[in-house]
Each structure stands twice: as structure tokens, then as C-alpha cells.
Amino acid sequence: MDLLRKLSAYIDDELPSDICREIRQHLGACPNCEVFIASLQHTVTLCRHRPTPQLTSVDRMNMRHAILDAANAR
Amino acid sequence: MRTPAPKTPLQRPAVQEPEGFDTLYRDNVDLIYRYAYRLCGEAELAKDLVQETFLNAYQGLKDFRGEARVSTWLYTIASRASIRMRRKRKGEPEYKLSLEEFVPTSEGEFRLQIPMDGLSPEEALQNKELRQALDQAIEKLPQKYRMALVLRDMEGLSAKEVGTIMGLNERAVKSRLHRARLFVRRELSARGISHHDDHKSGGLHS
């Protein structure tokens with residue numbers, strides 16, 4: 001549970017080195033945790049590479065008109 | 001002869017109208033759309049959020065003194081608008097995530113793996129099932145956790161900047177982020193996504 005609490009900080013490299021070392025030692029001895037951490041790391045990586053669609057120039061233009069119309073209406 | 005509006009840094013009141021708004025819009029609409037889409041998960045909702053954001057920005061321009069970066073300012077407006085818009089739409093009540101619920105209780109839960117073996121993230125995301133599972137997992141997250149995840153892990157902002165945008169201290173940001181990541185991990189693992197890539201699915205941007 002304590003390890004669970006620290007995992008994000010661990011994969012983000014935000015933990016002090018002595019704690020990192022402790023965790024790595026634990027990981028060396030505990031394949032379950034190693035798998036768990038790897039899957040968490042993969043999750044973050046997937047999020048970072050998640051594709052998003054682009055706006056078309058028509059979209060941009062239409063939205064701009066709508067915004068300015070609304071702004072002038074108020 | 002038009003004077004081009006100052007881009008950055010903004011030292012004085014805003015951005016002269018109307019060129020200032022045009023520049024602001026042109027320079028930031030793609031950024032805010034990407035954020036909105038990542039938050040809302042759907043194009044029309046995202047566009048609504050973009051418009052709401054820039055409308056608020058337009059009205060706030062005269063008071064903006066450049067105390068924050070323009071992008072931070074816009075992210076903040078978009079985030080607040082998103083919360084307001086969600087409240088109007090109702091939906092499920094926001095619930096809290098606790099760390100306890102992510103503690104693996106059986107052997108199997110440690111071992112639940114996302115099939116990324118030897119694949120780059122781009123390659124892995126060619127798998128439509130995985131893409132959909134990821135989208136659904138993020139969609140399922142309560143908003144305040146989703147926002148932290150999107151801002152930090154997708155928009156790539158620092159924890160400090162996320163804190164500024166969300167009105168939280170860094171510790172709170174990291175706590176939300178951590179729970180969001182654990183939640184998504186668990187959602188992806190539980191689905192037992194097929195290893196068999198759909199190579200016929202073609203391009204990523206379908």
C-alpha cells in the first residue's frame with residue numbers, strides 16, 4: 001500500500017534516491033510489483049501518445065465567427 | 001496601417017482589439033481544441049468548449065495583464081468552463097477515488113498486463129481495441145482526475161502549472177494524477193485486450 005502510494009512519483013523520477021533504491025531492491029525481489037509498475041508505466045506512455053484529431057480550417061473559421069457573434073450579442 | 005498586436009510577452013493591458021483577439025485565437029485555437037477534445041472525448045462537445053473558452057477570453061482580454069502565460073490563462077478558462085458545462089449537462093455524480101481500491105487483492109491483478117510487449121506506443125495504439133479501451137477508460141474517470149491526467153500526461157504541463165490551472169497545490173495535483181493513472185491502468189488490464197493486432201485497420205486517424 002505504501003509502495004502503491006509512491007509509484008507515480010517513482011516512475012516520474014520524483015523520489016529521493018534512497019527511496020528509489022529501496023523500491024528497486026523490492027522490485028528485484030518481487031516479480032508481481034515489477035509487472036505492476038511496468039503496466040503503470042505503459043499506461044502513462046499510452047496516454048502520452050494518445051492520438052487526437054485536428055481541426056479543419058473550416059472548423060476554425062466557423063468557430064471564430066460563432067465566438068465573435070456571441071461576443072457582440074452580449 | 002495596422003499595428004500588429006504584441007504576441008508575448010504581454011506587458012500592458014491585453015491585446016488590442018480586434019487584431020489582438022485574432023492573434024490570440026489563431027495562435028491558440030489548436031492547442032485549446034486538443035485539450036478540449038482530450039477532456040470531452042468527442043468533437044462537438046470539444047468545439048463547444050473551445051468557443052466558450054475563447055468567448056470568455058475575449059471578454060476578459062481587457063483585464064488580462066499578462067501575469068500568467070497566455071496558454072496557462074486559456075487552459076484555466078477552458079478548465080473552469082468545462083466544469084461549468086459538465087454541471088449543466090449533469091451526468092453521473094463525481095465520486096472520489098481512493099488508493100485502497102487499487103491495491104491488488106489477488107495474484108492475478110499484479111499480473112494483469114497491457115499487451116505492449118516489444119511495441120512502441122504508436123504501434124500499440126494501431127490496435128483499435130486498445131485505442132477504444134484507452135478512450136473509454138479516460139472517459140470513465142471522474143472529471144477532476146481526468147483533468148489532472150490530461151493536463152499532466154497529455155498536455156505535458158508541469159505539476160506546478162497544473163496546480164495553477166486547477167487551483168490546487170502540487171501535492172494535490174500529484175495525488176489526483178496518481179489515482180487517475182491507477183484507474184486507467186486497471187481499466188486497461190481488466191478488459192483483457194486481444195493481442196491480435198488488427199493490421200487491416202490501416203491508419204491511426206480513422
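Tutor: Domain bounds here come from an automatic or database domain assignment. The model is predicted.

Student: Which domains does the assignment give for chain B?

Tutor: Look along chain B for two stretches. One runs over 19–89 and the other over 114–201. They are domain 1 and domain 2 of chain B.

Student: How many residues of domain 1 of chain B are in contact with domain 2 of chain B?

Tutor: The centres of the two domains of chain B, taken over C-alpha atoms, are 22 Å apart. Contact is judged by C-beta atoms within 7 Å. On the domain 2 side of chain B, 13 residues take part; on the domain 1 side, the number is 10.

Student: Which helix gives the largest share of the side of domain 1 of chain B that touches domain 2 of chain B?

Tutor: Helix 1 (19–40) and helix 3 (70–89) of chain B each supply at least two residues of that side. Its residues divide into 4 nonpolar, 4 polar and 2 charged. The largest share is 6 residues, and it comes from helix 3 of chain B.

Student: Which helix supplies the largest share of the largest nonpolar core?

Tutor: This core has 58 residues, and B:Ala36, B:Ala78 and B:Ala148 touch the most other members. Several helices each supply at least two residues, including helix 3 (31–48) of chain A. The largest share, 10 residues, belongs to helix 1 of chain B.

Student: Why does this core lie between domain 1 and domain 2 of chain B?

Tutor: Check who contributes. The core lies between them because residues come from both domain 1 (19–89) and domain 2 (114–201) of chain B.

Key: Residues numbered from 1 in each chain as written. Chains lettered and ligands numbered in written order. Predicted model: local features only at pLDDT ≥ 70, side-chain atom pairs only at ≥ 80, totals over all residues. Contact = placed C-beta atoms within 7 Å. Helix = DSSP H or I, 4+ residues; strand = E, 2+ residues; numbered from the N terminus. Nonpolar A, V, L, I, M, F, W, Y, C, P; charged D, E, K, R; others polar. Core = buried A, V, L, I, M, F, W, Y, C linked by C-beta atoms within 7 Å. Buried ≥ 20, exposed ≤ 12 C-beta atoms within 10 Å, placed from the backbone.
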